[in-house]
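Visitor: I am new to this structure. Please pick one part and take me through it closely. Then show me how the rest fits around that part.

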Amino acid sequence: MSYQNIFDRKNSAELYANYRPRFSQEVADSVINFLRLNKSSFRLMVDVGCGSGQSTDMLAPYFDEVLALDISKHQIAEAIARNQHSHVEYVVGKAEEIPSNDRSVDLVLVGMAVTFFDLPKFFKCVQRVLRPGGCLIIFGHKSPSLRVKIGGVAMSKEHNEFATALLDAFLLAGKSSIRALHDEVYSKYSNTFRTIPSSVKSRDEVKQVQKDWSMDDLKGYIRSTDTDDLSTSKFADRKCCDFSDFFEEQILKNTGVQNSKQVTFDLTLDIFMIRAVF
Ligand SMILES: C[S@@+](CC[C@H](N)C(=O)[O-])C[C@H]1O[C@@H](n2cnc3c(N)ncnc32)[C@H](O)[C@@H]1O
């Protein structure tokens, strides 16, 4: 299975839809403020690599029409089943073959997906479909940092660092093809930024805090990163399901708590954003 298709399984799409964080108003504001400064119009947005619709939902209310595409039929089925917007159309399609008319799109959006694309082909397509002055916005984040709470009371810095490092080590580890992908994320998309064929490009960063995730939420998040291909180097014998149990065991041991129901987490996502005008 190529890593372009790692999300193309029904189980992964369901986990993705249920457990990946929704994006906050601050993230939406950062995009919308940029578009307003750029005097963009808000007729058509295309969300590329839309998954089960997290990135689409965040910006759909601002546009007259939205096309959201993903290479995975399972992700698109989840997105359609959960769609709340009559002006959003979800279709199976490739980033490298956006099915929009030439010079018709105001915003091409990519959330957490650009590392999977064939960049030269994708950029060519973006150049074709954007109206003159249209924008490309690409955003992503590294693995979240965690704050651990027991019975609602914050634990020490050491416990937070332990939980964050454990999650990070798992998400970072991987086979070499996945490793290259993570490296691009951890460099905040440096290669992507460098190769965007526009001289008008900039960056922004937004922090998003998700409060009070239960142990089950966090284990679901871990399982949503599951892939057939992603057995890790550090946890070589563990797949994501096993790792989610291992994570729970380790957190209970580290905090000295018996019952996972007492444990909650605040997740901080450092979202980095690339903005370009064409
Ligand atoms: C991590 S998910 C991101 C989903 C959503 N945009 C979000 O912000 O949560 C990455 C998505 O990119 C899709 N994808 C990967 N390669 C693609 C390609 N070449 N064209 C379109 N979608 C692609 C995957 O199927 C997956 O659903």
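Guide: We start with one helix, H2, and then move outward to its surroundings. Keep in mind that this is a predicted model.

First, the setting. The protein chain has 278 residues, and 38% of them count as buried. Its secondary structure comes to 10 helices and nine strands. Take the contacts between residues at least 6 apart in sequence: 75% of them join residues at least 24 apart.

Now find helix H2. The helix covers residues 25–37, which makes 13 residues. How far apart should its ends be? At 1.5 Å a residue, H2 should span 18 Å. The end C-alpha atoms are 18 Å apart, so the expected span and the model agree.

Next, look at which way the residues of H2 point. Val27, Val31 and Leu35 are buried. Seen down the axis of H2, the buried residues fall within an arc of 70 degrees, so they line one face of the helix. Turn to the face pointing away from that buried side. There you find the exposed residues Gln25, Glu26, Asp29, Asn33, Arg36 and Leu37.

What do the buried residues of H2 pack against? One partner is a helix, H3 (54–59). The others are strands: E4 (105–111), E5 (130–141), E8 (200–214) and E9 (263–277). Just after H2 comes Lys39, with a positive phi of about 55 degrees.

Two of those strands, E4 and E5, lead to another helix. They are among the elements that cover the buried residues of H5, and strand E1 (44–48) is another. Helix H5 runs over residues 119–129. Its buried residues are Phe122, Phe123, Cys125, Val126 and Val129. Seen down the axis of H5, these residues fall within an arc of 160 degrees, so they too line one face of their helix. The face turned away from the buried side carries Pro120 and Lys124, both exposed.

Stay with E4 for a moment. Asp106 sits in this strand. Is Asp106 buried or exposed? It counts as buried, because 21 C-beta neighbours lie inside 10 Å. Leave aside residues up to four places away in sequence. Asp106 then touches Ser40, Ser41, Phe42, Arg43, Leu44 and Met45, and also Arg131 and Gly134. Leu136 is 30 residues from Asp106 along the chain, and their C-alpha atoms are separated by 8.6 Å.

Now follow E9, another strand that H2 packs against. Strand E6 (residues 145–150) is joined to E9 by six bridges, and the two run antiparallel. In E6 and E9, look for Lys149, which stands opposite Thr264. Lys149 has a bridge partner in E7 as well, namely Ala154. Strand E7 covers residues 153–154. Two bridges join E6 to E7, and this pair is also antiparallel. The hairpin of E6 and E7 has two residues between the strands. In that hairpin, Gly151 takes a positive phi near 55 degrees.

E9 also holds Asp266. Asp266 counts as partly exposed, because 17 C-beta neighbours lie inside 10 Å. Its contacts, not counting residues up to four places away in sequence, are Arg147, Val209, Gln210, Lys211 and Asp212. Gln210 is 56 residues from Asp266 along the chain, yet their C-alpha atoms are separated by 5.6 Å.

One more helix deserves a stop. Phe247 lies in helix H10 (residues 240–255). Phe247 is buried, because 20 other C-beta atoms lie within 10 Å. Setting aside residues up to four places away in sequence, Phe247 touches Leu166, Leu167, Lys219 and Ile222. Leu166 is 81 residues away along the chain. The C-alpha atoms of Phe247 and Leu166 are separated by 7.4 Å.

Finish at the ligand. How many residues surround it? The number is 21, and the closest are Gly49, Gly51, Gly111, Ala113 and Phe116. By type, the residues of this shell divide into nine nonpolar, eight polar and four charged.

Last, come back to H2. Its buried face carries Val27, Val31 and Leu35, and the face turned away carries exposed residues, including Gln25 and Arg36.

Note on methods:
Residues are numbered from 1 along each chain as its sequence is written. This is a predicted model: local features need pLDDT of at least 70, side-chain atom pairs count only at pLDDT 80 or more; totals for chains, interfaces and linings use all residues. A residue is near a molecule or strand if its C-beta atom, placed from the backbone, lies within 6 Å of it. Ala, Val, Leu, Ile, Met, Phe, Trp, Tyr, Cys and Pro count as nonpolar, Asp, Glu, Lys and Arg as charged, and the others, Gly among them, as polar. Helices (H or I, at least four residues) and strands (E, at least two) are DSSP runs, numbered from the N terminus. A residue is buried if 20 or more other C-beta atoms lie within 10 Å of its own, exposed if 12 or fewer, and partly exposed in between; C-beta atoms are placed from the backbone. Two residues are in contact if their C-beta atoms, placed from the backbone, lie within 7 Å. The expected span of a helix is 1.5 Å times one less than its number of residues. The arc is that of the directions from the helix axis to the C-beta atoms. Two strands pair if DSSP finds at least two bridges between them.
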